[in-house]
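Please look at how the inside of a protein is filled, and at where some space is left over. The paragraphs below go from the pocket to the cavity and then to the cores.

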Amino acid sequence: MGASLSGMSEGSNGSTLGPGLGDIPESCVACVFLYLTPPEICNLARLNRAFRGAASSDLVWQKKLPPNYQDLLSLLPAERWQNLSKKGIFALLSRPVPFDDGNKEIWLDKVSGRVCMSISARAMAITGIEDRRYWNWVPTEESRFHVVAYLQQIWWFEVDGVVRFHFPADIYTLSFRLHLGRFFKRLGRRACSFEHTHGWDIKPVQFELSTSDGQQASCQFCLDEKEHDEINGNHKRGCWIEYKVGEFIVTNSEPETEVRFSMKQIDCTHSKGGLCVDSVYIIPSNLRERRRKGI
């Protein structure tokens, strides 16, 4: 099969098999590429000159960009994109675009071209964050923002955030990325300390989100487990977990959508600690499921 495809790609340039892939007009190839994903287009571009030309067509890549991709470009200096082709713009926007002093990032999914966003803990209002008896900022390569907020101990736990953006029409999932325990390197290997980890198995944490058009969602999770598996240990400690808060629907990128989100455990009958807060993700819902399954 591979040999046949290779021979067909030669077409009229020396092949004795008659017309082949090399004889297909570039405009026809471009029409087919409209229905393929960016990775598939880039792979086929290596076949021959016609495929390579179609794979660089603005017509093809315009369809891969979200309708309001100019809103993403507005976050970048004009000199970085004004001379780029549509393919170049897609490649630029498929890498994280920082904004809000680098505390938020937005990017296009490389397969679908849909908009994803991440919001650092530094962009959130965290009760007691200024007091180092309670919270510390910990540098780490395990965060896309290279820093996480680490809670040592507190009674009133509350984290709030807000983002405003012209999200394209889609169904989005909002989730918090959290980690029980403080991680560090020991002899070149990752290790975790649970010295301060307590209080999260007594009562659940309340997660909420709301949007400017009246959508709301809420849920509760116990961040720790009371029962410990003697063989496998505690499955909620020592690893990053994304807690899904809920979904919201955007029907039009105009006007901009305001999304407010929070997590809190404000029962002051007990203290809690030993938690890393990294970020909030806002990702199209089925993309989140695909990423969770490793697809």
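**From pocket to core**

Strand 9, which covers residues 182-186, makes the greatest contribution to the lining of the largest pocket, with three residues. The model in front of you is a predicted one, and this pocket encloses about 160 Å³ of space. Strand 5 (135-139), like strand 9, supplies at least two residues of the pocket lining. If you want to find the pocket by its residues, look for Val 138, Pro 139, Thr 140, Glu 141 and Glu 142, and then for Phe 183, Phe 184, Lys 185 and Arg 190, which line it together. Sorted by class, this lining is made up of four nonpolar residues, one polar residue and four charged residues.

Besides the pocket, the structure holds one cavity of 30 Å³ or more, and the volume of the largest cavity is about 40 Å³. Which residues line the largest cavity? They are Leu 178, His 179, Leu 180, Leu 223, Lys 236, Cys 239, Ile 241, Tyr 243 and Leu 275. Strand 8 provides the largest share of this lining, namely three residues, while strand 13 (240-250), as well as strand 8, supplies at least two. The classes here are seven nonpolar residues, one polar residue and one charged residue.

We can now turn to the packed interior. In soluble globular proteins, nonpolar side chains tend to be buried together. In this model, the largest nonpolar core has 62 residues, and those with the most contacts inside it are Leu 93, Phe 157, Phe 176, Phe 207 and Ile 282. Strand 8, which spans residues 170-180, gives the most to this core, with five residues. The core also draws on two domains, since at least three of its residues come from domain 1 (26-95) and at least three from domain 2 (115-293).

Apart from this core lies another one, of six residues, which include Val 138, Val 148, Phe 183 and Cys 276. Two of these names, Val 138 and Phe 183, also appear in the lining of the largest pocket.

To see the largest core from one of its members, return to Ile 282, one of the residues with the most contacts inside it. Leaving aside residues up to four places away in sequence, Ile 282 touches Cys 116, Met 117 and Ile 119, then Val 163 and Phe 167, then Tyr 172, Thr 173 and Leu 174, and also Phe 248.

Note on methods: Residues numbered from 1 in each chain as written. Predicted model: local features only at pLDDT ≥ 70, side-chain atom pairs only at ≥ 80, totals over all residues. Heavy atoms only, no water. Core = buried A, V, L, I, M, F, W, Y, C linked by side-chain atoms within 4.5 Å. Buried < 20%, exposed > 50% of the residue type's maximum accessible area, 1.4 Å probe, protein only. Helix = DSSP H or I, 4+ residues; strand = E, 2+ residues; numbered from the N terminus. Domains from an automatic or database assignment. Contact = heavy atoms within 4.5 Å. 1 Å grid on protein atoms, 1.4 Å probe; cavity = no way out; pocket = protein on both sides within 12 Å on 5 of 7 lines; lining within 4 Å. Points joined across faces, edges and corners; volume = space filled by probe spheres on them. Nonpolar A, V, L, I, M, F, W, Y, C, P; charged D, E, K, R; others polar.
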